[in-house]
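I opened a new page for this one and wanted to get my bearings from the inside out. Here are my notes, in the order I looked things up.

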Amino acid sequence: MVERFLEADDPVLEQVLKWTVERDAADIRQLLEWLPNAANRRDQRALLGRAQSLMAELEAAMNELNQLE
C-alpha cells in the first residue's frame, strides 16, 4: 500500500470505509465457510445471496476509497 503525504478530505469517511471493507471481507469469508454445510439448497442460496450483496457493498466502499485518494 502506498503511504500518502496529505490527509484525505474526509478522514472520518475514510476510516468508516476502511472498517466497512474489513468487516464485509470477514463476513463474506464466514458465509462462504458455512455454504458447503448448509442444510439444503434454499439455505445455500440465501448464504450466497447475502455474500453477493456484501461483495457489492465491498466493491462500492473500495471505489469510494479510491476516489478519496
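**Starting from the core**

I began with the largest nonpolar core, which has 11 residues: Leu 17, Val 21, Ile 28, Leu 31, Ala 38, Leu 47, Ala 51, Leu 54, Leu 58, Ala 61 and Leu 65. I then checked which elements give two or more residues to this core, and they are helix 1 and helix 2. Helix 2 provides the largest share, six residues. A note to self: this is a predicted model.

**Stepping back to the whole chain**

I looked up the overall make-up next and found two helices and zero strands in the protein chain. The chain has 69 residues, and 22% of them are buried. For its accessible surface I got about 5700 Å², with 54% belonging to carbon and sulfur atoms. I also asked how far apart in sequence the contacting residues are: of the contacts with a separation of 6 or more, 62% are between residues 24 or more positions apart.

**Helix 1**

Helix 1 covers residues 11-34. I took its span from first C-alpha to last and got 35 Å for 24 residues, close to the 34 Å expected. Which residues of helix 1 are buried? My list reads Glu 14, Leu 17, Thr 20, Val 21, Asp 24, Ile 28 and Leu 31. Helix 2 is included in what covers them.

**Where the helices touch**

I picked Ala 61, in helix 2 (residues 41-68), to see what it meets. Ala 61 has a relative accessible area of 4%, so I put it down as buried. Beyond its neighbours within four places in sequence, I found Ala 61 in contact with Leu 17, Thr 20 and Val 21. Thr 20 is 41 residues from Ala 61 along the chain, yet their C-alpha atoms are 7.0 Å apart.

Leu 54 was my next stop. Leaving out residues up to four places away in sequence, Leu 54 touches Asp 24, Asp 27, Ile 28 and Leu 31.

**Charged side chains**

I searched the whole structure for salt bridges and came away with two. One joins the side chains of Glu 14 and Lys 18, at 3.8 Å from N to O. These two are about one helical turn apart, because they sit four residues from each other in helix 1. Glu 14 is buried at 5% relative accessibility, whereas Lys 18 is partly exposed at 31%.

The other joins Arg 23 and Asp 27, at 2.5 Å from N to O. Arg 23 and Asp 27 are also four residues apart in helix 1, about one turn. I have Arg 23 as partly exposed at 40% relative accessibility, and Asp 27 as partly exposed at 25%.

Then I turned to Asp 24: which side chain of opposite charge is nearest? I found Arg 50, 6.2 Å away, and Asp 24 has no salt bridge although it is buried. A salt bridge needs a nitrogen within 4 Å of a carboxyl oxygen, so I kept that cut-off in mind here. Apart from residues up to four places away in sequence, Asp 24 touches Leu 54, Glu 57 and Leu 58.

**Last entry: the end of the chain**

I finished at Glu 69, in the segment after helix 2. Glu 69 counts as exposed because its relative accessibility is 58%. From Glu 69 to Glu 14 I got 9.4 Å, C-alpha to C-alpha, with their places 55 residues apart in sequence.

Note on methods
Residues are numbered from 1 along each chain as its sequence is written. This is a predicted model: local features need pLDDT of at least 70, side-chain atom pairs count only at pLDDT 80 or more; totals for chains, interfaces and linings use all residues. Side-chain values use heavy atoms; hydrogens and water are left out. Buried means under 20% relative accessible area, exposed over 50%, partly exposed in between (1.4 Å probe, protein chains only). Contact means heavy atoms within 4.5 Å. Lys and Arg count as positive and Asp and Glu as negative; His and the chain ends are not counted. A nonpolar core is a set of buried Ala, Val, Leu, Ile, Met, Phe, Trp, Tyr and Cys residues joined through side-chain atoms within 4.5 Å. The expected span of a helix is 1.5 Å times one less than its number of residues. Accessible areas come from the Shrake-Rupley method with a 1.4 Å probe; for residues, only the protein chains shown count as cover.
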